[in-house]
2 protein chains.
Amino acid sequence: MSDRKSRSSATGQVTLQDVALHLGISAITVSRALKTPQRVSETLRARIMSAVTELGYRPNHAARSLASARSDSVLVLVPSLSNEVFVDTLSGIHEVLIPRGYQALIGNTHYSPQEEEKQLGVFLGHNPDGILLTGLDHTPRVRQWLADCGVPVVYMMEIDDARDSRCVGLSQFDAGQVITRYLVGKGYRRIAYVAAQVDPRTLKRAEGYRAALREAGCYEAGREIWVPTPSSIGLGASLLDRLLKEQPDCDAVFCCNDDLAQGMLFQCQRRKVAVPGQLAICGFNDLAASAWTNPPITTIATPRYAIGREAAQMLLSAIDGDMPPAKLDLGFSLVERLSA
Amino acid sequence: MSDRKSRSSATGQVTLQDVALHLGISAITVSRALKTPQRVSETLRARIMSAVTELGYRPNHAARSLASARSDSVLVLVPSLSNEVFVDTLSGIHEVLIPRGYQALIGNTHYSPQEEEKQLGVFLGHNPDGILLTGLDHTPRVRQWLADCGVPVVYMMEIDDARDSRCVGLSQFDAGQVITRYLVGKGYRRIAYVAAQVDPRTLKRAEGYRAALREAGCYEAGREIWVPTPSSIGLGASLLDRLLKEQPDCDAVFCCNDDLAQGMLFQCQRRKVAVPGQLAICGFNDLAASAWTNPPITTIATPRYAIGREAAQMLLSAIDGDMPPAKLDLGFSLVERLSA
DNA sequence: CCAATGAATGGTAGCGCTAACATATGAAAA
DNA sequence: TTTTCATATGTTAGCGCTACCATTCATTGG
């Protein structure tokens with residue numbers, strides 16, 4: 001063994017045993033020094049720590065997970081990674097998880113419950129200590145697995161009042177209603193709703209939109225445009241063309257998200273349609289760019305960063321103690337800008 | 001045991017042993033039926049598969065990883081998740097990894113080599129079968145760990161001709177040079193370079209910019225603005241103000257990325273600065289929005305999706321066989337639009 | 001002075017799975 | 001027939017770690 005670092009393990013990595021042998025103590029003491037330092041005398045602990053550094057010991061996650069039946073990892077399933085909304089949510093989640101020693105396993109479901117089911121199947125094999133899911137709509141099998149596996153779950157983005165579950169989010173219905181009421185309050189009457197990437201949340205925003213228009217007595221069934229393709233600025237631009245052709249009399253449009261709103265605005269600029277003069281535009285989510293376009297876009301700011309943080313917090317409480325299920329409504333705010 | 005599903009395991013989960021017992025065969029055969037189906041007779045395989053489904057068996061990843069010394073997971077470290085560039089790269093990576101049964105462990109280094117070192121330390125404990133890193137600049141300890149651990153690594157985004165390593169990317173220098181030459185070719189002479197979130201790649205683009213200006217005989221040292229804060233559209237807007245104040249005579253600006261370029265463009269619109277009439281603007285990366293602004297933004301399109309795909313491909317080859325180290329230059333392309 | 005107590009450390013077993021080797025079985029070759 | 005050989009399945013022994021219980025030893029109250 002002329003190796004700079006002594007390695008007893010079959011796989012060539014430095015093990016707890018190596019550290020223990022090096023110090024003439026037992027492996028379990030080294031394990032304790034790392035996991036529960038207060039249970040090892042201070043002097044020995046110091047020696048252990050320096051040996052750990054010297055030998056370059058790094059805990060083997062698989063072995064730890066197998067022996068202790070916990071993995072210090074949390075599964076996070078989001079519908080998209082190209083949507084700023086979920087990236088921000090992930091940041092909030094990380095901010096809480098990382099300092100507590102947890103690791104996030106990120107899965108992208110591409111807005112598909114089937115894909116979500118598939119991912120959950122794979123990731124459950126990793127024995128996550130907790131699970132963070134987006135939204136409330138899941139396949140029966142997913143619900144079954146979640147019920148069976150006994151791992152705490154927190155649902156993000158929406159609030160569910162019916163079930164005995166934990167969730168952190170906001171009322172998508174209310175948000176859709178508030179911004180539509182705002183448009184009504186500004187005097188607009190022929191208000192369209194444009195949605196892409198149909199998901200449960202855009203459906204709920206649409207319900208809020210309809211409710212607001214009905215209460216104002218100006219609801220018309222034909223004023224909605226739905227496309228199933230993923231949302232994007234380019235799609236917003238082409239949907240503006242479609243809107244102007246199909247509903248030339250419309251005076252305002254509520255886009256289900258800011259991407260579409262930005263695309264619509266850019267296309268209005270191109271076609272010399274005055275915003276908000278000829279057409280008022282509202283978005284949803286308050287993405288970073290929406291404050292800087294010309295005019296800046298009126299939208300609903302959603303607290304996605306806080307949602308991530310609070311959801312992670314709630315999940316850790318559920319993992320640690322026996323915090324009972326709770327709902328946390330973080331609300332939203334109307335951001336009045338110049339596009340409406 | 002009146003449990004609907006029989007569970008022998010101490011942890012309550014359905015194990016290979018459960019499936020084996022259920023069929024009156026040995027665990028290893030079940031293991032084989034799942035990992036190397038061709039080594040189990042067709043009839044038995046079918047029985048095993050249906051028992052697996054019936055009992056709801058799900059492989060335990062930790063146990064598999066511990067026993068086989070492989071984890072079927074690949075570590076991916078990117079500097080940011082809020083940057084479209086790396087999200088696209090991740091998509092490319094996933095597209096290759098997932099069908100091959102690998103799982104990506106994603107770490108966000110926030111553009112910090114120290115954070116990268118910390119993350120690598122944690123993730124190495126997960127025994128990744130391969131590692132994908134962004135860029136070529138890493139701390140000495142990271143380089144040491146990578147050399148020691150024997151896990152194949154592929155570097156993404158840049159091309160390194162010196163070392164005996166695998167990398168997939170493009171020449172950031174050349175790209176910076178090409179777009180600057182383009183501006184020079186268009187007749188611009190007082191060209192500024194604006195960079196935020198200083199990283200090795202923006203530095204190399206700057207070198208390309210300088211080389212192009214020197215060869216055209218119009219290089220001036222004071223025409224660069226560097227800020228260390230993260231790049232954003234809002235920052236681009238405020239840097240436009242700074243540029244106009246500090247270099248009122250400048251006739252074109254090359255932004256180190258499209259976010260800044262978009263912010264600058266929006267601020268130009270606000271301040272009624274004609275683009276490209278009074279000021280030409282170029283970006284870098286060709287983000288989705290850049291094609292839709294008014295005017296659309298001239299930029300360098302980077303093949304980040306392909307980079308992710310090819311890097312993952314190269315990594316898997318390295319894991320499987322003994323593919324020798326190779327460099328893959330995927331190039332870039334100048335996207336001429338109306339902002340310059 | 002001795003038992004009782006608590007703090008510090010060790011021994012043992014096993015988490016769920018698979019590598020490596022061992023064995024059984026039947027078909028083809030000698 | 002016997003040997004060979006490939007195919008199908010089983011046995012054994014760990015992977016590196018921690019839960020659980022046992023042991024040691026100093027301290028303290030009776």
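This is a short tour of the interface between chain A and chain B in a predicted model.

**Start with both chains.** Colour chain A and chain B separately. Then select the residues where they touch: 38 residues of chain A are in contact with 38 residues of chain B. Between the two chains, about 3,500 Å² is buried. Carbon and sulfur atoms give 59% of that area.

**Pick out three side chains.** Select Arg58(A), Gln103(A) and Trp292(A). In chain A, these three lose the most area to chain B. Together they account for 18% of what that side buries.

**Look for polar links.** Across the interface of chain A and chain B, 14 residue pairs are in polar contact. How many salt bridges are there between chain A and chain B? The count is zero.

**Move on to the elements.** Show chain A as a cartoon. Several elements each supply at least two residues to the side that touches chain B, among them helix H6 (113-124), strand S2 (103-108) and helix H11 (258-271). Now select helix H4 (61-68), which is also one of these elements. H4(A) gives the largest share of that side, five residues. Colour the side of chain A that touches chain B by residue class: 17 are nonpolar, 16 polar and five charged.

**Finish on the axis.** A turn of 180° with a shift of 0.0 Å along the axis lays chain A on chain B, with an RMSD of 0.0 Å. The two copies are therefore related as by a two-fold rotation axis. Select Ala62(A). Of the residues of chain A, Ala62(A) comes closest to the rotation axis, its C-alpha at 2.2 Å. Last, compare the two sides. The copies meet through the same surface, because 100% of the interface residues of chain A are also interface residues in chain B.

Conventions. Residues are numbered from 1 along each chain as its sequence is written. Chains are lettered from A and ligands numbered from 1 in the order in which they are written. This is a predicted model: local features need pLDDT of at least 70, side-chain atom pairs count only at pLDDT 80 or more; totals for chains, interfaces and linings use all residues. Side-chain values use heavy atoms; hydrogens and water are left out. Contact means heavy atoms within 4.5 Å. Buried area is the accessible area (1.4 Å probe) that two parts lose on being put together, summed over both. A salt bridge is a side-chain nitrogen of Lys or Arg within 4 Å of a carboxyl oxygen of Asp or Glu. A polar contact is a pair of N or O atoms within 3.5 Å; within protein, one must be able to donate a hydrogen and the other to accept it, and residues adjacent in sequence count only if both atoms are side-chain atoms. Helices (H or I, at least four residues) and strands (E, at least two) are DSSP runs, numbered from the N terminus. Ala, Val, Leu, Ile, Met, Phe, Trp, Tyr, Cys and Pro count as nonpolar, Asp, Glu, Lys and Arg as charged, and the others, Gly among them, as polar. Copies are superposed by least squares on the C-alpha atoms of residues with pLDDT of at least 70 in both.
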